[in-house]
Amino acid sequence: MRRAGLVVWGAHQVAGALVKPGVTTGEIDQAVDRFFAQHDAVALFKGVPGKVPFPAACCISVNDEVVHGIPGPRALRSGDVISIDTGCSVGGWCGDSAVTHPVGTVSAEVQRLLDCTSGVLALAIQLMGARNRWSDVAQEMAHFVRDHGFSVVENFVGHGIGRKMHEDPQVPNFCSPAFRKNHDFEIEPGLVIAVEPMVNMGTKKVRVLADHWTQSTVDGLPSAHFEHTVAITEAGPLVLTAPPAEGEMVGTAA
Ligand code: MG
Ligand code: MG
């Protein structure tokens with residue numbers, strides 16, 4: 001899974017380097033698609049079933065789009081935020097990661113939204129090494145976001161990942177009594193989950209657009225999304241979509 005995670009990380013470097021005003025979301029997607037092909041990786045998002053199968057290697061969601069945006073002719077403008085979410089499999093094992101980038105110059109409040117969302121992902125990974133049950137991590141994630149004055153999206157959650165991109169368990173970024181009672185899980189060695197907080201500047205409510213995929217905030221305010229694939233080992237959390245460590249290279253990890 002680390003091999004897949006490194007290729008996903010590499011794809012994000014290619015994508016992130018392209019993010020600037022005037023570039024289209026379709027151009028970014030095509031670059032990621034080529035990168036996966038060069039590394040004998042299977043693009044996992046293509047063909048995901050829905051009313052129409054998902055058509056691209058990346059979900060690219062701009063501004064008020066939360067997740068599942070379809071790349072295309074939209075050109076980025078300074079002040080936008082762009083969430084790029086992608087995943088691949090290598091040798092039958094999967095990796096999945098998302099990053100939200102500022103385009104050109106963004107407002108201070110938008111930057112605070114990005115910092116809060118990347119911060120709550122970092123907090124979750126740290127807490128995975130310090131808590132026994134996911135409900136306790138999720139509760140602290142929700143409090144972190146609330147303390148920033150933003151909203152955790154509740155309609156979409158993280159997931160187990162392994163041979164398939166989406167496996168059990170469901171991994172919410174908030175804790176409800178029903179989750180604690182019926183769906184909570186132990187954080188123990190062998191668990192591998194994709195942790196992916198989605199944070200809205202305004203209301204948590206989202207709606208689906210006419211393309212059957214793109215999820216947008218109901219109030220039109222911006223949203224951010226960060227994701228890592230994280231394994232629990234005997235030594236603690238290991239981020240499988242993290243940058244290469246010394247001695248590691250994309251495409252050659254042991
Ligand atoms: Mg993802
Ligand atoms: Mg995911």
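Is the crossing of α1 and α2 left-handed or right-handed? We'll get to that in the first exercise. This is a predicted model: local features need pLDDT of at least 70, side-chain atom pairs count only at pLDDT 80 or more, and totals for chains, interfaces and linings use all residues. Residues are numbered from 1 along each chain as its sequence is written, chains are lettered from A and ligands numbered from 1 in the order in which they are written, and side-chain values use heavy atoms, with hydrogens and water left out.

**Exercise 1. Describe how α1 and α2 pack.**

Step 1: Pick the two things to look for. Two packed helices are described by the angle between their axes and the distance between the axes.

Step 2: Find the helices. Helices (H or I, at least four residues) and strands (E, at least two) are DSSP runs, numbered from the N terminus. Helix α1 covers residues 2–18 and helix α2 covers residues 25–38.

Step 3: Look at the axes, which are lines fitted to C-alpha atoms, for helices over the stretch in contact, with angles from 0 to 180 degrees between N-to-C directions. The axes of α1 and α2 come within 9 Å and cross at roughly 150°.

Step 4: Put a word to the angle. Under 35 degrees counts as roughly parallel, over 145 as roughly antiparallel, 65 to 115 as roughly perpendicular and the rest as oblique. So α1 and α2 are roughly antiparallel to each other.

Step 5: Settle the opening question. A crossing is left-handed if the near helix is turned anticlockwise from the far one by less than a right angle, and right-handed if clockwise. For α1 and α2 the crossing is right-handed.

Step 6: List who touches whom (contact means heavy atoms within 4.5 Å). On the α1 side you'll find V7, V8, G10, A11, V14, A15 and L18, and they meet E27, I28, A31, V32, F35 and F36 of α2. Sort these residues and you get eleven nonpolar, one polar and one charged. For the sorting, Ala, Val, Leu, Ile, Met, Phe, Trp, Tyr, Cys and Pro count as nonpolar, Asp, Glu, Lys and Arg as charged, and the others, Gly among them, as polar.

**Exercise 2. Do the same for α3 and α4.**

Step 1: Helix α3 spans residues 108–128, and its axis comes within 10 Å of the α4 axis, crossing at roughly 155°. That makes α3 roughly antiparallel to α4.

Step 2: The crossing of α3 and α4 is right-handed.

Step 3: From α3, the residues C116, G119, V120, L123, A124, L127 and M128 meet W134, V137, E140, M141, F144 and V145 from α4. This contact divides into eleven nonpolar, one polar and one charged.

Step 4: Now step just past the helix to H148, in the loop between α4 and β6 (151–152). Leaving aside neighbours within four places in sequence, H148 is in contact with R112 and C116.

**Exercise 3. Find the aromatic pairs and classify them.**

Step 1: Rings of Phe, Tyr and Trp (its six-membered ring) pair if their centres lie within 6.5 Å; planes under 30 degrees apart count as stacked, over 60 as edge-to-face and the rest as tilted. Searching the whole structure turns up two such pairs.

Step 2: F54 and W213 have ring centres 5.1 Å apart and planes at 85°, so this pair is edge-to-face. F54 sits in the loop between β1 (42–43) and β2 (58–62), W213 in the loop between β11 (206–208) and β12 (215–217), and they are 159 residues apart.

Step 3: Check burial (buried is under 20% relative accessible area, exposed over 50%, partly exposed in between, with a 1.4 Å probe and protein chains only). F54 is buried at 3%, and W213 is buried at 11%.

Step 4: W134 and F185 have centres 6.0 Å apart and planes at 5°, so they are stacked. W134 belongs to helix α4 (residues 134–147), while F185 is in the loop between α5 (177–182) and β9 (192–195), 51 residues away. W134 is buried at 0% and F185 is buried at 9%.

**Exercise 4. Spot the unusual backbone.**

Step 1: Know the background. Most residues other than glycine have a negative phi, and most peptide bonds are trans.

Step 2: D168 and P169 are joined by a cis peptide bond, with omega about 0°. P169 lies in strand β8 (residues 167–171).

Step 3: N63 has a positive phi, near 60°, and is found in the loop between β2 and β3 (65–67). H68 has a positive phi too, near 70°, and lies in the loop between β3 and β4 (81–90).
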